Amino acid sequence: MEQNSFKKGITDGLPICVGYFSVSFAFGIFAVASGLTVLQALLISMTNLTSAGQLAAVPIICAGGGLIELAISQLVINSRYALMSVSLSQKLAPNVKGIHRFLVAFGNTDEIFAVSVSNKGTVGYKYMYGLILTPVLGWSAGTVIGAVAGNILPAVVTTSLGVAIYGMFIAIVVPQAKSDKAAAMCVFISVILSCAFKYIPVLNTVPSGFVIIICAVAASVIMALVAPIKIETEEVEADAVH
Amino acid sequence: MPYTEFFIYLAVMAGVTYLVRMIPLVLVRRKIQNRFVLSFLHYIPIAVLSVMTVPAIFYASSSWLTALVGFVVALIFAYLEKSLVQVAAFSCVAVLIAELLLKYI
């Protein structure tokens, strides 16, 4: 069975679009408050389509940070997409070949990935384009409106909205940590390391992009060694056949 | 931020992000089997988000006190497994109220 309706893709993408709008609204405010123009904020959102990566990049860009620092921070923060792309590659219908694979890859975000793999059977390129289009529009529109609103709204309101993106992160992390002890341990180690790089002399001189890389990689390596995930071999093989 | 400088940053950022998504989708046809690599990739998202949130959130408003209010409210609503948008919204409203209280009291 193959899902390849552009219209169905658009419909499935609507809830993602709404969620993205509110997050990118906060990103727009943050980008402008950090010193970028409305157009620059929009260009970042349209070409990157990644919340955590964009949030980490803005301080590096505005501080005139190194290109290597920027590149490595994006590589590490967005490395999860590599895994999702591997998984998505097995879900795509045979018609997703050539240029279509290169285009679909652009829109492989956490949420778009999650919705596309929740389909029964394979997904075709028309469906994927629909599923990517609505969230991209929501992400871009939210960024512009947030960036403009950041200049208009009273300071006390924009200050409060600055917390929104962290609220989102907390909403992703806490339920996982609640149901999985290893995940909770991972959060704990990450936070301890992150605070160490903020408050301990010498360590606090490390540029922000590198701090994210060092702490996240260290915490993930520790957890991968201490609590490796269970692999259900049969399921992996069955998935690979699709 | 001057545009010439900005476009170099933008190209690096968008280029790396795109390559991370594109290369595996175009090249990899088989599933990763290495347990350590899979485990590492499993923990990376939650580790990145944790590192980015704490302590950065405490510097996101005008005082650590109001940010703490937003942080605690976000924790509570996230623990109750409310949607992402709801948690973010309640957290913002809590900070707004705290900011106004701090300003006028």
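How many residues does the contact take from chain A and from chain B? In this predicted model, the contact takes 83 residues from chain A and 64 residues from chain B. On the chain A side, helix α10(A), residues 164-179, gives the largest share, with 13 residues. Sorted by class, the side of chain A that touches chain B holds 55 nonpolar residues, 23 polar residues and five charged ones.

A helix pair that spans the two chains gives a closer look at this contact. Packed helices are described by the angle between their axes and by the distance between those axes. For α4(A) and α1(B), the latter taken over residues 3-27, the axes come within 9 Å and cross at roughly 25 degrees. An angle under 35 degrees counts as roughly parallel, and α4(A) and α1(B) are therefore roughly parallel to each other. Their crossing is right-handed. From α4(A), the contact draws on Leu67(A), Leu70(A), Ala71(A), Gln74(A) and Leu75(A), and α1(B) answers with Tyr9(B), Val12(B), Met13(B), Val16(B), Thr17(B) and Val20(B). Nine of the residues in the contact of α4(A) with α1(B) are nonpolar and two are polar, with no charged residue.

Two single residues show the meeting of the chains from either side. Ser220(A) is found in helix α12 of chain A. With 25 other C-beta atoms within 10 Å, Ser220(A) is buried, because 20 or more such neighbours put a residue in that class. Leaving aside residues up to four places away in sequence, Ser220(A) touches Phe40(B), Tyr43(B), Ile44(B) and Ala47(B). For a sense of scale within chain A, Ser220(A) and Lys91(A) are 129 residues apart in sequence and 27 Å apart in space, C-alpha to C-alpha.

Glu99(B) has its place in helix α4 of chain B. This glutamate is buried, with 23 other C-beta atoms within 10 Å. Not counting residues up to four places away in sequence, Glu99(B) touches Val156(A), Thr159(A) and Ser160(A) in chain A, along with Ser61(B), Ser62(B) and Thr66(B) in chain B. Within chain B, Glu99(B) and Phe77(B) are separated by 22 residues in sequence and by 20 Å in space, C-alpha to C-alpha.

Chain A itself can be viewed through its domains. The domain assignment gives domain 1 (2-174) and domain 2 (180-242). The C-alpha centres of these domains of chain A lie 22 Å apart. Their contact takes 14 residues from domain 1 of chain A and twelve residues from domain 2 of chain A. On the domain 1 side, the elements that give two or more residues are α3(A), residues 51-62, and α4(A), residues 67-77. Of these, α4(A) supplies the largest share of that side, six residues. The residues on the side of domain 1 of chain A that touches domain 2 of chain A divide into eight nonpolar, four polar and two charged. Thus α4(A) appears both in this domain contact and in the pairing with α1(B).

A further helix pair belongs to chain A alone. The axes of α2(A), over residues 38-48, and α8(A), over residues 125-152, come within 9 Å and cross at roughly 160 degrees. Since an angle over 145 degrees counts as roughly antiparallel, α2(A) and α8(A) are therefore roughly antiparallel to each other. The crossing of α2(A) with α8(A) is right-handed. On α2(A), the contact is made by Val38(A), Ala41(A), Leu42(A), Ser45(A) and Met46(A), while α8(A) brings Trp139(A), Ser140(A), Thr143(A), Val144(A), Ala147(A) and Val148(A). By class, the contact of α2(A) with α8(A) has eight nonpolar and three polar residues, and no charged ones.

Some backbone details in the loops also deserve a look. In chain B, the peptide bond from Val54(B) to Pro55(B) is cis, with omega near 5 degrees. Pro55(B) lies in the loop between α2 (35-53) and α3 (64-79) of chain B. Glu81(B), which is not a glycine, has a positive phi of about 60 degrees. This residue lies in the loop between α3 and α4 (84-104) of chain B, and counts as partly exposed with 13 C-beta neighbours inside 10 Å. In chain A, Val202(A) has a positive phi of about 75 degrees, although it is not a glycine either. Val202(A) is found in the loop between α11 (181-199) and α12 (208-226) of chain A, and is exposed, with 7 other C-beta atoms within 10 Å.

Key
Residues numbered from 1 in each chain as written. Chains lettered and ligands numbered in written order. Predicted model: local features only at pLDDT ≥ 70, side-chain atom pairs only at ≥ 80, totals over all residues. Helix = DSSP H or I, 4+ residues; strand = E, 2+ residues; numbered from the N terminus. Buried ≥ 20, exposed ≤ 12 C-beta atoms within 10 Å, placed from the backbone. Axes fitted to C-alpha atoms, helices over the stretch in contact; angles between N-to-C directions. Parallel < 35°, antiparallel > 145°, perpendicular 65-115°, else oblique. Left-handed = near helix turned anticlockwise from the far one by under 90°. Contact = placed C-beta atoms within 7 Å. Nonpolar A, V, L, I, M, F, W, Y, C, P; charged D, E, K, R; others polar. Domains from an automatic or database assignment.
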